Amino acid sequence: MDPTASKIVLAIQRGDSINRIASKIDISYSWVYDWIERLENADIIVNTDNGLQIVDHEMRQQYAEMTAALYSRDPISQEDAYVIPHFAGMEFAYTEIDAAYVWTQGGYQIARSHDDYPVFIEVHDRDVDRWIGFFQQFGIDMTINERPDASDVNGNVHYVLFPKTNDIDTEWVDGNPVIPLDTAVDQMIENRPAYEPALEIIADEYDRDIDARTTV
């Protein structure tokens, strides 16, 4: 019952590569590779030509309970805030402030602090109840469609869910599922003064034709 092993098992979605798992949980490829071999030898997972998959679901549940207990004891770090959603076993994509944060590879933050760190994710409408139960298990506050006042939140990290009835369009950036770049840019332009620096970074980093200057 090792914390690294539990992160690997909980983060696996059928078909994931070892590299994808290492990126999801922000642990070195070589260390994850070593643990994948141990977990495969213990018949907890299998590594097939089509990627990784869980075979011992009872053990996965034990890992889930252990990990939830560990995270519920102490304040959650900013780094772990982007690892925990991968443990839910449901599709999601970072959006709003976090779309800018992910697409700028951590280069842009706005309206957040260590004491009030909301994480914004799109989820399927059909999964909302499961997401609520998941965050309750971890002792983490969450709201739907609206960021709460910091005084109404327990802890520092909390999540704002945006339920979608249609498919979630997702791209992967450094192990993070995020809304497509064009969609993220459209969101930023809607609140352009706040996102001007992010637009400048994106225009330069991705060679996008974005006029990143505020219109006067």
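This section describes backbone conformation, strand pairing, surface charge and salt bridges in a predicted model.

Two residues other than glycine were found with a positive phi, Asp-43 and Glu-96. For Asp-43 the angle is near 60 degrees. Asp-43 lies in the loop that runs between helix 3 (29–41) and strand 1 (45–48). The relative accessibility of Asp-43 is 56%, and the residue therefore counts as exposed, the cut-off for that class being over 50%. For Glu-96, phi is near 55 degrees. This residue is also placed in a loop, here between strand 3 (92–94) and helix 6 (97–103). With a relative accessible area of 30%, Glu-96 is classed as partly exposed, because the value falls between the limits of 20% and 50%.

Strand 1, which follows the loop of Asp-43, pairs with strand 2 (residues 51–54). The pairing is antiparallel and comprises four bridges. The two strands form a hairpin, with two residues between them. Within this arrangement, Thr-48 stands opposite Gly-51 of strand 2.

On the surface, a negative patch is made up of Glu-91, Asp-167, Asp-169 and Glu-171. One of its members, Glu-171, belongs to strand 7 (residues 171–173). The relative accessible area of Glu-171 is 34%, so the residue is partly exposed. This value also satisfies the accessibility condition for patch membership, because that condition requires over 30%. Membership further requires that a residue take part in no salt bridge.

Seven salt bridges were found in a search of the whole structure. Three of them are described here, namely Arg-130 with Asp-127, Arg-208 with Asp-182 and Arg-192 with Glu-196.

In the pair formed by Arg-130 and Asp-127, the closest N and O atoms are 3.7 Å apart, and the contact qualifies because the cut-off is 4 Å. The two partners fall into separate accessibility classes: Arg-130 is partly exposed, with a relative accessible area of 48%, whereas Asp-127 is buried, with a relative accessible area of 7%.

The side chains of Arg-208 and Asp-182 form a salt bridge with an N to O distance of 2.4 Å. This pair links distant parts of the chain, its residues being 26 apart. Arg-208 is located in the segment after helix 9 (192–205), and Asp-182 is located in helix 8 (residues 181–190). Both residues are partly exposed, the relative accessible area being 34% for Arg-208 and 46% for Asp-182.

The salt bridge between Arg-192 and Glu-196 has an N to O distance of 3.5 Å. Both residues are in helix 9; because they are four residues apart, the separation is about one helical turn. Arg-192 is buried, with a relative accessible area of 17%. Glu-196 is likewise buried, with a relative accessible area of 7%. Both assignments follow because the limit for the buried class is under 20%.

Technical notes: Residues are numbered from 1 along each chain as its sequence is written. This is a predicted model: local features need pLDDT of at least 70, side-chain atom pairs count only at pLDDT 80 or more; totals for chains, interfaces and linings use all residues. Side-chain values use heavy atoms; hydrogens and water are left out. Buried means under 20% relative accessible area, exposed over 50%, partly exposed in between (1.4 Å probe, protein chains only). Two strands pair if DSSP finds at least two bridges between them. Patches are made of residues with over 30% relative accessible area and no salt bridge: like charges are joined within 9 Å, nonpolar side chains (Val, Leu, Ile, Met, Phe, Trp, Tyr) within 5 Å. Accessible areas come from the Shrake-Rupley method with a 1.4 Å probe; for residues, only the protein chains shown count as cover. Lys and Arg count as positive and Asp and Glu as negative; His and the chain ends are not counted. The place of a charge is taken as NZ of Lys, CZ of Arg, CG of Asp or CD of Glu.
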